[in-house]
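Welcome! Take a moment to look at the sequence and the model below, and then we will walk through some of the contacts inside it.

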Amino acid sequence: MKYKKWAADYIFTGYEMLQGNHVLITDETGVVVDIIDKNEAGDDVEVFRGILSPGFINAHCHLELSHLKGFIPEHTGLVDFILKVVAGRHFEEEKILDSIKMAEDEMLQNGIVAVGDICNNTLTIPQKTKQRLHYHNFIEVSGFPPFVAAKRFEKSTTILADYISLLPTTNSVLSPHAPYSVSPDLFQMLNNETANQTITIHNQEINGENDLFLNRSDDFLRLYKEMSIDISFFEASGISSLQTWLPYFNRNQKIIAVHNVCTSDADIEFAQLQTTNHKSQTFYCLCPNANLYISNTMPDVIKFMRHHCNIVLGTDSLASNHQLSIWEEIKTLQKNFPDLLLATILQWATINGARALGMDNMLGSFEKGKKPGLLLLSANVTRLV
């Protein structure tokens, strides 16, 4: 068997940044064989300027919304953004399918090897059958009025059946959209259905989400009115959004909470106490460019680090981002949090993301037997290690 030998200024393993005196060895198909000292590597080593890294994991994306690139202006705020997304779902199918393909092309070109993808329909299935990227499909379930719970659940399980049938080697699971769009009855149905599975939920993207559950106020009331949703049944829980929805899941689910812009220290501590093993079961996905696009806000990243949280990265959709690039998310994080080490953020983008999606047996790090993809990153960045 022939081997390939790779060296650069640095090698990021998925866990740590190694100096340039190491050589990564793979077979011809990209399967990792070893990392050794350059003095033991012999000849035929390909040497590059920059950082060698495993492929990126995009833990949160809406591939089916790719046709909305540039359709929604920046800084509309979340409520108006949601209303425009709903209006924008009525495009011609051919345009939607073409946009899905182009978006997947873009992710491949930007070094993404796996995606946690939100699905409300089956339009992404034809592209996914080509198996160019690894996908974990989250079939999104929503329905705030209790009386629609059974109907919405049935509709989503039908979509899930199509994913399981047509993409049999890909993980697909039901997941709640957001606390403000899922009723207690629907949460309970989802809890029963998703035992021991990996699910995701949009969490605390704006302050108004917490206000809704604390005192039944803020802009979400306008959302329900605009969408003709009667919420006369709804009573505020008197506690934060996260502390309201998280207890619904008690069947050993691994949970990827997405956005977390307004998640407090108390919320994180609550999650750590609520979850059987929060170190392996709770992940916080950051989508900084989408947060800036929609509401010009950012999560307090240092807060999550202080609590030793599992952090992963996502791009969200082209409806809320100018590109699908984890590298651009990394650069935004370093710009806004200049003390962050690149090695730390790269861990979020590689092995942490692979663990969150249950793909760490094959992706996320340069470990023997894995085929994680191989990226060459610019060394012109700050705070490497």
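Let's start with one ring: Phe-249 counts as buried, because its relative accessibility is 8%, under the 20% cut-off. Keep in mind that this is a predicted model. The points below cover aromatic rings, a pair of helices and one residue of a strand.

**Aromatic pairs**

- A pair of aromatic rings is described by the distance of the centres and the angle of the planes.
- In total, the structure holds 12 aromatic pairs.
- One of them joins Phe-71 and Phe-91 edge-to-face, with 5.5 Å from centre to centre and 80° between the planes.
- This pair links distant parts of the chain, 20 residues apart: Phe-71 is in the loop between strand 6 (56-61) and helix 1 (78-87), while Phe-91 is in the loop between helix 1 and helix 2 (93-109).
- Phe-71 is partly exposed, at 39% relative accessible area, and Phe-91 is partly exposed too, at 26%.
- Phe-249, which you met above, pairs with Phe-187; this pair is edge-to-face, with the centres 5.8 Å apart and the planes at 85°.
- Phe-187 belongs to helix 5 (residues 184-193) and Phe-249 to the loop between helix 8 (241-245) and strand 11 (254-259), so the pair ties together parts 62 residues apart in sequence.
- Phe-187 counts as buried, with 2% relative accessibility.

**A ring cluster and a charge over a ring**

- Which residues do ring pairs link into a cluster? They are Phe-144, Phe-213, Tyr-224, Phe-233 and Phe-234.
- Elsewhere, the charged end of Lys-128 sits over the ring of Tyr-135, at 4.9 Å from the ring's centre.

**Two packed helices**

- Helix 13 (residues 326-336) packs with helix 14 (residues 342-356) at an angle of about 145°, and their axes are 11 Å apart.
- The crossing of helix 13 and helix 14 is right-handed.
- Helix 13 makes the contact through Ile-326, Trp-327, Ile-330, Leu-333 and Gln-334, and helix 14 through Leu-342, Ile-345, Leu-346, Trp-348 and Ala-349.
- Of the residues in this contact between helix 13 and helix 14, 9 are nonpolar, 1 is polar and none is charged.

**A residue in strand 10**

- Is Asn-203 buried or exposed? Asn-203, in strand 10 (residues 198-203), is buried, because its relative accessible area of 0% is under 20%.
- Leaving aside neighbours within four places in sequence, Asn-203 is in contact with several residues, among them Glu-209, Ser-241, Trp-245, His-259 and Thr-263.

Conventions: Residues are numbered from 1 along each chain as its sequence is written. This is a predicted model: local features need pLDDT of at least 70, side-chain atom pairs count only at pLDDT 80 or more; totals for chains, interfaces and linings use all residues. Side-chain values use heavy atoms; hydrogens and water are left out. Rings of Phe, Tyr and Trp (its six-membered ring) pair if their centres lie within 6.5 Å; planes under 30 degrees apart count as stacked, over 60 as edge-to-face and the rest as tilted. Helices (H or I, at least four residues) and strands (E, at least two) are DSSP runs, numbered from the N terminus. Buried means under 20% relative accessible area, exposed over 50%, partly exposed in between (1.4 Å probe, protein chains only). A charge sits over a ring if NZ of Lys or CZ of Arg is within 6 Å of the ring centre and within 35 degrees of the ring normal. Axes are lines fitted to C-alpha atoms, for helices over the stretch in contact, and angles run from 0 to 180 degrees between N-to-C directions. A crossing is left-handed if the near helix is turned anticlockwise from the far one by less than a right angle, and right-handed if clockwise. Contact means heavy atoms within 4.5 Å. Ala, Val, Leu, Ile, Met, Phe, Trp, Tyr, Cys and Pro count as nonpolar, Asp, Glu, Lys and Arg as charged, and the others, Gly among them, as polar.
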